[in-house]
Amino acid sequence: MRCLIVQPVHADGIVLLRQAGIEPVMCPSADMATVARMIPGCEAVITRDAGLSAAAIDAADALRVIVVHGAGHDAVDKEAASERGVLVCNTPGANARSVSELALGLALAVARRIPAADRSERAGIRGFREMETFTELSGKTALIVGWGATGAGLGHMLKAAFDARVLVYSPRAAKVEGFERVESLEDGLARADLVSLHTPLRPETRGLIDAGALSHIKPGAILVNTARAGLVDEAALAEAIASGRVAGAGLDVYSHEAVSGPLGQSNRVIFTPHLGGATLEALRRVAIGAARNVLMALSGERPVTALNDPVWSHA
């Protein structure tokens, strides 16, 4: 059996596949035309943020399972997979610690203006410290939007390290581990000094942080997004930062146009290239988890992280 690796994964995941008799097939490019050309003869696919399109799925002749390397799965056409009898699953939680740590790092970097300070020093510009305003995170109020593994991880970090008051807006979360739940996003935004997004991208969460939401945000708040770009109306965020209502933003996810647009022109916005789960430790855990899901699915078992309900008898 063969497994198409759409984007590079940690070597330990590849070793696990080979030990089980699965031949890893390395895709030379993650564009869907190349994937469609490489996918025939493969029973499994492991993909990262490139996802898997309907056209690539249609080109498959033996495909039984698509495994997402990580939590985000909106780039996989799950409807097309289900129609073809192909199971889709992801590997949530394996990189949660790394994403939570990056969210904390972005919050600190925005609060203390670290990238802008670095640029000022390198350019030989004096007086940055006197011209700018900096804030502490200690004792502040944080709103965590989405209480999954990454959001909960950040909440515990903020409480333990900064004695922060942690509010949670997560309608689907059954429990919030003793933290304070807010019933509406607007209520949480109005009270929080730091807002960190950790919710999946769904129809009801697309554009969650739009002009209306930002009109409720506490003046001077910091926004961090390590979840999905589509959660934020970037034009509205740029206006809120320019007006001073939002002190700054740390974005690990954003549209392709963001860096060259109004957000990119602000020295109060920090961009990182989707680094959330990119630590060596997280990459190893996720690759092993993805490989295990492949092995389980190909053995006829349904992984607990399955995302669809294909007609298995048709596979």
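Leu197 of β9 stands opposite Asn225 in β10, and this pair is a convenient place to enter the predicted model. Strands and helices here are DSSP runs numbered from the N terminus, a strand being E over at least two residues and a helix H or I over at least four, while two strands are said to pair if DSSP finds at least two bridges between them. By that criterion β9 and β10 are joined by 4 bridges and run parallel. On the other flank, Asn225 stands opposite Leu251 in β11, and β10 and β11 pair in the parallel sense over 5 bridges.

Residues are numbered from 1 along each chain as its sequence is written. Since the model is a prediction, local features need pLDDT of at least 70 and side-chain atom pairs count only at pLDDT 80 or more, whereas totals for chains, interfaces and linings use all residues, and side-chain values use heavy atoms, with hydrogens and water left out.

The strands just described belong to an open sheet of 7 strands in the order β8-β7-β6-β9-β10-β11-β12, in which the pairing is parallel. β8 (180-181) and β12 (269-271) stand at the edges with a single partner strand each, so one side of each is left without a neighbour in the sheet. Towards the β12 edge, β11 (residues 246-251) is joined to β12 by 3 bridges, the two strands running parallel, and Gly250 stands opposite Ile270 in β12.

How is β10 placed with respect to the rest of the structure, buried or exposed? A residue is called buried under 20% relative accessible area, exposed over 50% and partly exposed in between, using a 1.4 Å probe and protein chains only. For β10, 5 of the 5 residues are buried, so the strand is largely enclosed by the rest of the structure. Both faces are covered, with Ala221, Leu223 and Asn225 buried on one side and Ile222 and Val224 buried on the other. β10 also takes part in a right-handed β-α-β unit, together with helix α11 (residues 234-243) and β11; right-handed here means that, with the strands pointing away from the viewer, the path from the first strand over the helix to the second runs clockwise.

Helix α5 (residues 96-111) lies across β9 (194-197), β10 (221-225), β11 and β12, and runs at about 145 degrees to β10. Such angles run from 0 to 180 degrees between N-to-C directions, the axes being lines fitted to C-alpha atoms and, for helices, over the stretch in contact, where contact means heavy atoms within 4.5 Å. Of the 16 residues of α5, 12 are buried, so this helix is largely enclosed by the rest of the structure; among them are Val99, Leu102, Leu106 and Val110. From its first C-alpha to its last, α5 reaches 23 Å, close to the 22 Å expected at 1.5 Å a residue, the expected span being 1.5 Å times one less than the number of residues. α5 is followed by Arg113, whose phi is positive, near 55 degrees.

Helix α12 (residues 280-298) has 19 residues that should span 27 Å, and its end C-alpha atoms are 27 Å apart, which agrees. The buried residues of α12 include Leu283, Val286, Ile288 and Val294, and they pack against β1 (2-5), α1 (11-19), β3 (44-47), β4 (65-68), β5 (87-89) and α5. Glu281, also in α12, is by contrast exposed, with a relative accessible area of 52%. The C-alpha atoms of Glu281 and Ser98 are separated by 8.2 Å, although the two residues are 183 residues apart along the chain. After α12 comes Gly300, with a positive phi near 100 degrees.

Most residues other than glycine have a negative phi. Asp163, in the loop between α8 and β7, nevertheless has a positive phi of about 50 degrees, and Asp163 is exposed at 51% relative accessible area. Glu177, in the loop between β7 and β8, likewise has a positive phi, of about 55 degrees, and is partly exposed at 47%.

Finally, a search of the whole structure finds 0 disulfides, a disulfide being a pair of cysteine sulfur atoms within 2.5 Å. For Cys42, the nearest cysteine sulfur is that of Cys3, 7.3 Å away, and Cys42 is buried, with a relative accessible area of 0%.
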